[in-house]
Amino acid sequence: MSQGVGLERLPALIESAATVVGAGDLQHVLSGLVSEARAATGARYAALGVIGEHGVLTQFIHEGFSPEQVARIGSLPTGKGVLGTLVRENRTIRLASIADHPDSYGFPPNHPAMASFLGVPVAVAGRAFGNLYLTEKEGGFTDDDVVLVEALSRIAGSAVSTARLQERLRSIAVGEDRERIARDLHDSAIQDLFAVGLALQGIAERVSDSNAASIIEESVDRLDRVVETLRAYIFQLRTTTGRRQLDDRLQELVSRMGSAYPASVALEIATDGLPTGMLEDEVFMCVTEALSNALRHSRGTEVAVVVDADASWVRILVEDNGIGFDPTASSAGMGLANLATRAKRLGGDAEVKSEIGKGTIVEVRLPLS
C-alpha cells in the first residue's frame, strides 16, 4: 500500500461498520473511515458526503481543513462539478488535476487550492448516494490507493445501509411486519456486507505487502462472523410462524456459501435428533466457521460437511481435499482458533487434522446436555 499507515486499524473499522446496526453510531464509523482513507493514502484533505432521499446533503465529514478554513469557506458542497459526476456515473475518478476534468466547476471563494484527486462513490445495491474523496497527495494517487479507498467506500455504504434499516426498525411495530423486515435485512445489509467481504478478499490477493494481506484476511474473518450474527437475528425475526429447523438452515448455508466459491460442497445430516434452542445456534455457527475456512483457504475442489448426533453428543465434520497446512503453525488461522474456543466454552472440543498436500479435516464435538 502507499503508506500502510491505516491498515492495522482496518479490522476494527470493518467490525464497527458491520455492528452499526446495534450501536447506531453511524457518525463515528464514517469519521473513522474518512480518517483512515486520509492516513493510509497520505492525502492532505479527505471528505465523505451522504445524500438523502431527496438529493440533499445529509452528512458531510471532512479532515485536513483548519477551523479557520472551514469558517472562511462557509457553504457545504452542493453536488456540482466532479463530485456530482461521481454520484451520477457511479464510478471511481482519479485525476492528476481536478481542473483537467470536463465537469470541473471550480472552487468557492476562500477554498484552498486542490489538484490531485481520487473520488469513489458510496453506494448501496448499485445505487450511489454519496462519495468518499481525497485530494492533494504529493506525486498523485496510486493504484493501491484506489483499491484501499474503494474498499473503505464499500464499508461506508454498508454502514449507511444498516443504519437506515435500523431507523426503519425503530419506527415499525416489529410484531406486525417481521417477515418483511427480515427480508429487507437479508436483501440489503447481509448482501452488502457479504459483498464487502468478497471485495476485501480480492484486495488481499492484489496487494504485494504480506503483512497487509494478512490484516485484510483477518478483517474478512471478523466480517464473516458479524454477517452470521446478523443472519441469526434474521432467523429470530422469522419465528412468527415457527422456528426454522436446523437442517433447513444448514441447507441454506451450504447453498449460499457454496455458490460464492468454485469448490463443490456436500451436506450430510446423519441423524433426526439435531439439537434445538441455543445449542442449535451454536452448531450452526460452528459449521459456518469451519466451512468458511475450508472454502476460503483450502483451495480444494470438494468440501464435505457432516452433522450427526447420538444420545450425548452432536458431531460436526468438515473435510476438504485442498492443499492442507501445518496445524501447529502459529499462522493456522483465527477462524479455527475461534472454533476451538467456542467448542471449549460449551464443554466440547475441536480437533484439526491436516497434512500439506492432503487436505484438512475439522471435527467438533458438543455435548447435548
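Biologist: Which backbone nitrogen does the side chain of Thr-41 reach?

Modeller: This is a predicted model, and in it the side chain of Thr-41 comes to 3.4 Å from the backbone nitrogen of Ala-43. Thr-41 itself belongs to helix H3, which covers residues 26–41.

Biologist: Is Thr-41 buried or exposed?

Modeller: Relative accessible area is the value to read here, and a residue counts as buried when that value is under 20%. Thr-41 has a relative accessible area of 0%, so this residue is buried.

Biologist: Turning to the strands, in what order do they form the open sheet?

Modeller: The order is S6-S7-S8-S10-S9, five strands in an open sheet whose pairing is mixed. Strand S6 (264–269) and strand S9 (349–354) stand at the edges, and because each has a single partner strand, one side of each is left without a neighbour in the sheet. Direction ignored, neighbouring strands of this sheet are turned against each other by 10 degrees on average.

Biologist: How many bridges join S9 to strand S10?

Modeller: Six bridges join them, and S9 and S10, the latter made of residues 360–367, run antiparallel. One bridge can be followed residue by residue, for Asp-349 has Arg-365 in S10 as its bridge partner.

Biologist: Which helix packs on the sheet, touching S6 and strand S7?

Modeller: That is helix H9, residues 246–259, which touches S6 and strand S7 (302–309) and whose direction makes about 170 degrees with that of S6. Helix H10, residues 278–297, lies across S6, S7, strand S8 (313–320) and S10, and runs at about 15 degrees to S8.

Biologist: What should the 14 residues of H9 span at 1.5 Å a residue?

Modeller: They should span 20 Å, and since the end C-alpha atoms of H9 are 20 Å apart, the model agrees with that expectation. Several residues of H9 are buried, among them Leu-246, Leu-250, Leu-253, Val-254 and Met-257, and the charged side of the list includes Arg-249 and Arg-256.

Biologist: How many salt bridges does the structure hold?

Modeller: The general idea is that side chains of opposite charge can pair when their charged atoms come close. The structure holds 12 salt bridges. In one of them Arg-94 pairs with Asp-143, with the closest N and O atoms 2.8 Å apart. This pair links distant parts of the chain, since Arg-94 is in strand S3 (residues 93–95) and Asp-143 is in helix H6 (residues 143–171), 49 residues apart. Arg-94 counts as partly exposed at 38% relative accessibility, whereas Asp-143 counts as exposed at 53%.

Biologist: Which residue forms a salt bridge with Asp-349?

Modeller: Arg-365 does, and the closest N and O atoms of the two are 3.2 Å apart. Asp-349 lies in strand S9 and Arg-365 in strand S10, so the salt bridge ties together parts that are 16 residues apart in sequence. Asp-349 is partly exposed, with a relative accessible area of 33%, and Arg-365 counts as partly exposed at 28% relative accessibility. These residues are also bridge partners in the sheet.

Biologist: What is the distance between the closest N and O atoms in the salt bridge of Lys-358 with Glu-355?

Modeller: They are 3.6 Å apart. Lys-358 counts as exposed at 64% relative accessibility, while Glu-355 is partly exposed, with a relative accessible area of 44%. Elsewhere, salt bridges that share partners join Arg-249, Glu-280 and Asp-281 into one network.

How values were computed:
Residues are numbered from 1 along each chain as its sequence is written. This is a predicted model: local features need pLDDT of at least 70, side-chain atom pairs count only at pLDDT 80 or more; totals for chains, interfaces and linings use all residues. Side-chain values use heavy atoms; hydrogens and water are left out. Two strands pair if DSSP finds at least two bridges between them. Helices (H or I, at least four residues) and strands (E, at least two) are DSSP runs, numbered from the N terminus. Axes are lines fitted to C-alpha atoms, for helices over the stretch in contact, and angles run from 0 to 180 degrees between N-to-C directions. Contact means heavy atoms within 4.5 Å. The expected span of a helix is 1.5 Å times one less than its number of residues. Buried means under 20% relative accessible area, exposed over 50%, partly exposed in between (1.4 Å probe, protein chains only). A salt bridge is a side-chain nitrogen of Lys or Arg within 4 Å of a carboxyl oxygen of Asp or Glu. A polar contact is a pair of N or O atoms within 3.5 Å; within protein, one must be able to donate a hydrogen and the other to accept it, and residues adjacent in sequence count only if both atoms are side-chain atoms.
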